[in-house]
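Look at the model below and turn it slowly. Keep the sequence at hand as you read.

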Protein chains: 2
Amino acid sequence: MQESRSAFDEAVALEPLGAGRFRGRTHPGYANFVGPFGGTTAAQCLAAVLAHPERIGDPVALTVNYAAAVADGEFEVLARPARTNRSTQHWFVELLQGGQTVITATALTAVRRETFAATEAPVPDVPRPGDVPRAAERPRVEWVNRYELRFIDAGLPSEWNGEDAGQSRTRLWARDDPPRPLDFLSLTAMSDIFFPRIWRRRALFVPLGTISMTVYFHAGEAQLKETATGHLLGQAQGQGFRAGYFDQTAQLWNEAGVLLATTHQVVYFKE
Amino acid sequence: MQESRSAFDEAVALEPLGAGRFRGRTHPGYANFVGPFGGTTAAQCLAAVLAHPERIGDPVALTVNYAAAVADGEFEVLARPARTNRSTQHWFVELLQGGQTVITATALTAVRRETFAATEAPVPDVPRPGDVPRAAERPRVEWVNRYELRFIDAGLPSEWNGEDAGQSRTRLWARDDPPRPLDFLSLTAMSDIFFPRIWRRRALFVPLGTISMTVYFHAGEAQLKETATGHLLGQAQGQGFRAGYFDQTAQLWNEAGVLLATTHQVVYFKE
């Protein structure tokens with residue numbers, strides 16, 4: 001290990017075991033209520049694809065299914081190219097602990113070429129990162145300390161009083177702490193940076209867990225490089241809540257207003 | 001085969017081969033430009049999960065990756081429960097032709113219980129289905145004839161003149177033709193009913209193909225039953241277009257304004 005590696009670099013480091021198998025471990029710096037932050041887990045799944053010797057291209061889509069709680073400690077990730085075309089490749093990924101599947105995932109990597117480009121998701125008109133105070137509240141979970149979070153509106157409820165807020169939209173500026181040049185792995189992790197919408201909506205601290213998250217990568221290497229250690233502007237909102245599950249849809253732009261990723265997740269909740 | 005089966009019933013019929021393997025075939029009634037309508041293919045993947053003898057619960061999430069063009073004719077679908085918990089189950093699905101993977105998919109099924117419920121995605125204020133004329137244009141592809149489509153706004157461009165429309169939102173009423181009571185399979189297929197947003201946005205008939213689609217099911221059996229053979233209100237819009245790929249996000253409500261599904265897809269395009 002190099003001294004200069006950040007906690008995030010450590011968290012996503014995988015040891016190749018051959019034949020698409022990798023060994024990794026959860027990182028105490030990214031601990032959540034139970035097990036690790038799901039964003040890091042998603043990044044570890046993508047890391048196995050990116051480290052695979054047969055991989056072609058950059059990530060375009062990633063779906064990660066949280067099949068069971070990841071236990072603190074070691075795991076194995078298995079990445080298998082299910083189909084390789086001329087410029088696209090489809091991946092099955094599985095993360096295992098004790099021989100049991102805890103995460104299933106699929107990914108698409110592709111060699112991308114410049115084409116027509118447009119951002120249709122409107123960039124919210126918000127204050128600049130320097131004009132938004134950093135969240136000062138002591139977080140309940142360790143992983144939040146790995147990010148610089150500046151809530152523009154609608155952070156965690158100030159009172160858990162069960163009052164239905166009527167909507168759940170949150171906008172925030174976020175980046176790694178310490179700052180780290182954005183790459184596909186940190187962009188993946190930050191796709192899960194929005195706390196669960198139902199907490200915002202209901203101001204009730206109900207038990208819950210993300211069950212599936214999809215990330216679409218609009219950024220290529222050029223957009224990552226432009227973004228560097230800048231802040232990401234994130235916006236997330238719930239769409240539907242029913243019978244123990246809700247979804248949330250989110251967008252991530254860089255400071256220049258370039259759309260880097262769109263992401264969606266479905267979350268289990270109790271009550 | 002029963003005489004009363006609709007084309008959709010025929011399209012999603014699978015023959016069990018044992019051990020989670022099923023044989024199906026593309027249906028000429030759902031032919032697209034090349035191969036079948038992707039909505040039917042997604043429904044066939046889910047059909048394998050729903051027909052699996054070990055399945056528990058109803059679908060909550062489905063991600064289908066279009067790894068290669070499905071050829072007209074027979075295929076095999078393999079559904080494997082990767083993880084079975086007390087009330088949730090995670091699935092790997094693969095559709096093969098000639099021993100090659102053409103589709104990869106993951107699904108989550110779950111036993112759902114009533115909880116807090118809310119729809120946050122605002123139901124668009126639109127005319128009722130009876131007040132919107134049915135699309136009269138002769139479609140270029142056969143599958144469109146299997147649906148009653150009533151475009152509220154922004155159907156296919158009337159002129160393919162390459163004028164950037166600036167945005168790509170479409171809203172429409174849709175149902176099976178002939179009408180058929182909604183189930184999880186037809187809801188899955190209708191999640192792909194929106195023609196590709198870039199055609200709307202650019203008024204250019206560029207080559208393209210959906211690469212990955214995710215469906216989150218907000219509807220359970222009760223909402224399906226309430227919807228019956230009614231129309232679904234669909235809204236779709238692109239979010240970002242860059243380097244050969246764009247995404248679109250969509251919602252499907254029933255006539256009573258109940259959110260049935262939210263869905264996202266990423267689409268390859270040329271130029």
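We start with the two copies, then look at one helix, then at two domains.

This is a predicted model, in which local features need pLDDT of at least 70, side-chain atom pairs count only at pLDDT 80 or more, and totals for chains, interfaces and linings use all residues. Residues are numbered from 1 along each chain as its sequence is written, while chains are lettered from A and ligands numbered from 1 in the order in which they are written.

A turn of 180° and a shift of 0.0 Å along the axis lay chain B on chain A, with an RMSD of 0.0 Å. Such copies are superposed by least squares on the C-alpha atoms of residues with pLDDT of at least 70 in both. The two copies are therefore related as by a two-fold rotation axis.

Now find helix H2 of chain B, residues 38-51. Helices here are DSSP runs (H or I, at least four residues), and strands are too (E, at least two), numbered from the N terminus. In H2(B), 12 of the 14 residues are buried. A residue is buried if 20 or more other C-beta atoms lie within 10 Å of its own, with C-beta atoms placed from the backbone. Among the buried residues of H2(B) are B:Cys45 and B:Leu46.

Move to chain A. Its domain assignment gives domain 1 (1-111) and domain 2 (121-271); such bounds come from an automatic or database assignment. The C-alpha centres of these two domains of chain A lie 21 Å apart. Across the boundary, 28 residues of domain 1 of chain A are in contact with 27 residues of domain 2 of chain A. Contact means that C-beta atoms, placed from the backbone, lie within 7 Å. On the domain 1 side, E3(A) gives the most, with 9 residues.

Note on methods
The expected span of a helix is 1.5 Å times one less than its number of residues. Two residues are in contact if their C-beta atoms, placed from the backbone, lie within 7 Å.
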